[in-house]
Amino acid sequence: MDTTVLYRNEREIAKLTGISLSSLRNNRSLKRGLPYIKIGKSIRYNMSDVINYLESHRIVTKEI
């Protein structure tokens, strides 16, 4: 299993989502935002969690 595909670091997530690195860090300290894994000083985000989080904030517009 290639875990590099499943887990990404905070800089990669910031780039992928458009959420600033400082916002990711601030949200972690406030216990909100994206779920994450911490091993020592290393922070990793599971891509399926990131996708689920983004989908839960999806806004569906009405067709005109």
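Before looking at any bridge partner I fixed the term: two strands pair if DSSP finds at least two bridges between them. The model I am reading is a predicted one.

Entry on the sheet. I looked up the strand order first and found an open sheet of three strands, arranged β1-β3-β2 with antiparallel pairing. I noted β1 (7-9) and β2 (37-39) as the edge strands, each of which pairs on one side only. On average, and with direction ignored, neighbouring strands of this sheet are turned by 35° against each other. For β1 and β3 (residues 42-46), which run antiparallel, I found three joining bridges, and when I went to Asn9 I found its bridge partner in β3 to be Arg44.

Entry on the helices. I followed helix α4 (residues 47-56) and saw that it lies across β1 and β3, running at about 60° to β3. I then turned to Glu12, which has its place in helix α2 (residues 10-17). Is Glu12 buried, exposed or partly exposed? Its relative accessibility is 33%, so I entered Glu12 as partly exposed. The C-alpha atoms of Glu12 and Tyr45 are separated by 9.3 Å, although these residues stand 33 residues apart along the chain.

Entry on the whole chain. I listed four helices and three strands in the protein chain, running α-β-α-α-β-β-α from the N terminus on. Of its 64 residues, 20% are buried. Among contacts with a separation of 6 or more, I noted that 43% come from residues 24 or more positions apart. Finally, I recorded that the mean positions of the 12 positive and 6 negative charges are 10 Å apart.

Key
Residues numbered from 1 in each chain as written. Predicted model: local features only at pLDDT ≥ 70, side-chain atom pairs only at ≥ 80, totals over all residues. Heavy atoms only, no water. Helix = DSSP H or I, 4+ residues; strand = E, 2+ residues; numbered from the N terminus. Axes fitted to C-alpha atoms, helices over the stretch in contact; angles between N-to-C directions. Contact = heavy atoms within 4.5 Å. Buried < 20%, exposed > 50% of the residue type's maximum accessible area, 1.4 Å probe, protein only. Lys, Arg positive; Asp, Glu negative; His and termini not counted. Charge placed at Lys NZ, Arg CZ, Asp CG, Glu CD.
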